[in-house]
Amino acid sequence: MRTIDKLLDPKIKLAPVLVKRAATLTLDFDARRKSRLAATLDDGEEVALVLPRGTVLRDGDVLVAQDGGLVRVIAAAEAVLMVRARDVLTLTRAAYHLGNRHTPVEVGADYLKLEYDPVLADMLKRVGALVEQVSAPFQPESGAYGGGHKHGHDETFAEDYALAQQVFGEHHGHDHEHEHGEAHDHSHEHSHDHSDCDASCGHDHSKKHAHR
């Protein structure tokens, strides 16, 4: 069984003929976010997927097996909810409520797409969105704070990712020194009552303990 252990950097441009000749691996979103996976290529070959933890594969990614062979990833069609609205405000409200639930969402110019969930479908309809269950590939947004797999597929990715990293650094890049002037001086003096203990106890009863 071949092991696939490398994701080719999307910045590396391969000759179209090499990509066309590469074996293909069709996976749904749930499988594409697993870094360890026993999978079957579209030609029937069984392979072991061993990628760095946190990797999320996207449609068109090219993987490299240990023997140097190339494998192109295809996002499988799956049951999803296609969400549209008659006005921008309603679609924005739908996105807001999905964000509150930390739901993976694919964002388009005039639609939202998410994995099929009847409860979420009902919620979205209640805010006025138009919801349809369809079968289509699902490619949600990457994590907003630098998590997940980095890609340059989208035109605005570089700007979006740079902004996300800046925000992350501002909130988490400090050394966690208390910013509000709190010294948190936890000085305590403890006087221990050793009335039933004599010198043989080994305690020096003249000491005060200062904890900082």
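K6 of strand β1 stands opposite V64 in β5, and this pair is a convenient place to enter the structure, which is a predicted model. The two strands, β1 at residues 2-7 and β5 at residues 62-65, run antiparallel and are joined by three bridges. As background, strands of a sheet pair through backbone hydrogen bonds, either parallel or antiparallel. The chain around them holds five helices and twelve strands, and 30% of its 212 residues count as buried. Among the contacts in the chain with a separation of 6 or more, 63% come from residues 24 or more positions apart.

The pairing of β1 with β5 belongs to an open sheet of six strands, whose order is β2-β6-β5-β1-β4-β3 and whose pairing is mixed. At its edges are β2 (23-27) and β3 (36-40), each of which pairs on one side only, and from one strand to the next the twist averages 35 degrees.

Following the sheet from β5 towards β2, one comes to β6, which runs antiparallel to β5 and is joined to it by three bridges. V64 serves here as well, since V64 stands opposite L70 in β6. These two strands form a hairpin with four residues between them, and G68 in the turn has a positive phi of about 90 degrees. On to β2, the sense of pairing is parallel, with five bridges joining β2 to β6; R72 in β6 is the bridge partner of T24.

The side chains of β6 show how the two faces of this strand differ in burial. In a regular strand the side chains alternate between the two faces of the sheet. Along β6, V71, V73 and A75 point to one face and are buried, whereas L70, R72 and I74 point to the other face and are not buried.

What lies at the centre of the packing in this part of the chain? The largest nonpolar core has 16 residues, and of these I4, L25, L49, L57 and L63 touch the most other members. The elements that contribute two or more residues to this core are β1, β2, β3, β4 (46-50), β5 and β6 (70-75). L49 gives a closer view of these contacts: leaving aside its neighbours within four places in sequence, L49 is in contact with I4, K34, S35, R36, L37, L57 and L63.

Apart from this core lies another, of 14 residues, among them L81, V105, L114 and L120. Two of these residues also face each other across a pair of strands, for L81 stands opposite L114 in β9. The strands concerned, β7 and β9, pair in the antiparallel sense over four bridges. They are part of an open sheet of four strands in the order β8-β9-β7-β10, with antiparallel pairing. The strands β8 (106-107) and β10 (130-137) stand at the edges, and because each has a single partner strand, one side of each is left without a neighbour in the sheet.

Two helices lie across strands of this sheet. Helix α3 lies across β7 and β9 and runs at about 30 degrees to β9, while α4 lies across β7, β9 and β10 and runs at about 140 degrees to β10.

Helix α3, at residues 88-100, has 13 residues that should span 18 Å at 1.5 Å a residue, and its end C-alpha atoms are 18 Å apart, which agrees. Which residues of α3 are buried? They are T90, L91, A94 and L98. Seen down the helix axis, these buried residues fall within an arc of 100 degrees, so they line one face of α3. The general geometry is that an α-helix has 3.6 residues a turn, so residues three or four places apart point the same way. What covers the buried residues of α3 includes β7 (77-84), β9 (112-115) and α4 (118-126).

On the other side of α3, V88, L89 and Y96 are exposed. L89 has a relative accessible area of 60%, and because exposed means over 50%, L89 counts as exposed. The C-alpha atoms of L89 and G128 are separated by 10.0 Å, although the two residues are 39 residues apart along the chain.

How values were computed
Residues are numbered from 1 along each chain as its sequence is written. This is a predicted model: local features need pLDDT of at least 70, side-chain atom pairs count only at pLDDT 80 or more; totals for chains, interfaces and linings use all residues. Side-chain values use heavy atoms; hydrogens and water are left out. Two strands pair if DSSP finds at least two bridges between them. Axes are lines fitted to C-alpha atoms, for helices over the stretch in contact, and angles run from 0 to 180 degrees between N-to-C directions. A nonpolar core is a set of buried Ala, Val, Leu, Ile, Met, Phe, Trp, Tyr and Cys residues joined through side-chain atoms within 4.5 Å. Buried means under 20% relative accessible area, exposed over 50%, partly exposed in between (1.4 Å probe, protein chains only). Contact means heavy atoms within 4.5 Å. The expected span of a helix is 1.5 Å times one less than its number of residues. The arc is that of the directions from the helix axis to the C-beta atoms.
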